[in-house]
Amino acid sequence: MVIRSQIFAVLVSVLVWLLLGCSLSYASQEDIDCLRSIKDSLEDSLGYLNSSWNFDNTTEGFICRFTGIDCWHPDENRVLNIRLSDMGLKGVFPQGIVKCKSITGLDLSSNKLYGPIPSNISQIIHYVTSLDLSSNNFSGEIPPALANCSFLNILKLDYNSLTGSIPPVLSLLNRIKTFSVSNNLLSGPIPYFNVSLPAEDFAHNPGLCGKPLDPCQSTSKGPKTGIIAGAAVAGVTVAAIGVAIGMFFYYRRVSVMRKKKDDDPEGNKWAKSLKGDKGIKASLSNTSMPDLS
């Protein structure tokens, strides 16, 4: 029985070793494909990647000697950090990073990257603790999906061309220690963070407000607009009432005149008749009677 137990334990150990070996091999190949995709997708104007990232070498841990790459272990092709700051790289955000499933840090700062930050960013770098995309030319809005990168301690998006507001859901980043969005085109209120952040991390955005910047302006313009609109409506109403009163008296006068005309359809004919009768009487009185003697 003891021998059987020992044999069984050995078999289990061998099986676990095989499973881990296959898993590590698969992960290593994915990391190699990840870096190859990054190199292929970016314009390397200064030649940093072309001179260092040589994929013809197939020795274990060879990618760990690439410029800007940190591995979990020097002899294991599993990428821990990608640091490609200030290398003159040009292009959009490299989506191939999704294949580097073990990275905890990504620094693409001070390059010439442009376009939007991917809306599914949390699916690409879910486990990163540090993300630095500063000093590029990223545009569009800050993706709310960054709130799903729940391990983030450092998030730097300053010196880009980002627009819109800071998504309120980013306040859910409970581990955040550094958050910088200065020198963008952002507007609206700054969400609440559970850490004190300096004003310079939000400075030079045309419409940002709230702590640690100046308070947001109250919506006092709304009531003023309502008063103006109400005054305009009241003025129109008064004018309408005035016109109605004027029309009432006008039609009343016309109605009276018509009634008088209806009572004397011949106009002043009776007066003319009376004047005619008086004229006849006067004529008779002035006529001399014939002499009958």
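Select arginine 83 to begin, and look at how much of this residue can be reached from outside: in this predicted model, arginine 83 has a relative accessibility of 44%, so it counts as partly exposed. Keep arginine 83 in view and add aspartate 70 to the selection, since these two residues form a salt bridge in which the closest N and O atoms are 2.9 Å apart. The pair links distant parts of the chain, with aspartate 70 lying in strand E2 (residues 69–73) and arginine 83 in strand E3 (residues 76–83), 13 residues apart. Aspartate 70 is itself partly exposed, because its relative accessible area is 28%. Side chains of opposite charge can pair when their charged atoms come close.

Next, select glutamate 76 and arginine 78, whose side chains meet in another salt bridge, at 3.3 Å from N to O. Arginine 78 has a relative accessibility of 23%, and therefore counts as partly exposed. The count of salt bridges comes to 2.

Now move on to serine 109, which you will find in the loop between strand E5 (105–107) and strand E6 (112–116). Is serine 109 buried or exposed? Its relative accessibility is 5%, which is under the 20% cut-off, so serine 109 counts as buried. Show its side chain together with that of serine 85, and you can follow a polar contact of 2.9 Å between the two side chains.

To finish, display what surrounds serine 109: leaving aside its neighbours within four places in sequence, serine 109 is in contact with Leu84, Ser85 and Asp86, and also with Asp132, Leu133, Ser134 and Asn136.

Key:
Residues are numbered from 1 along each chain as its sequence is written. This is a predicted model: local features need pLDDT of at least 70, side-chain atom pairs count only at pLDDT 80 or more; totals for chains, interfaces and linings use all residues. Side-chain values use heavy atoms; hydrogens and water are left out. Helices (H or I, at least four residues) and strands (E, at least two) are DSSP runs, numbered from the N terminus. Buried means under 20% relative accessible area, exposed over 50%, partly exposed in between (1.4 Å probe, protein chains only). A polar contact is a pair of N or O atoms within 3.5 Å; within protein, one must be able to donate a hydrogen and the other to accept it, and residues adjacent in sequence count only if both atoms are side-chain atoms. Contact means heavy atoms within 4.5 Å. A salt bridge is a side-chain nitrogen of Lys or Arg within 4 Å of a carboxyl oxygen of Asp or Glu.
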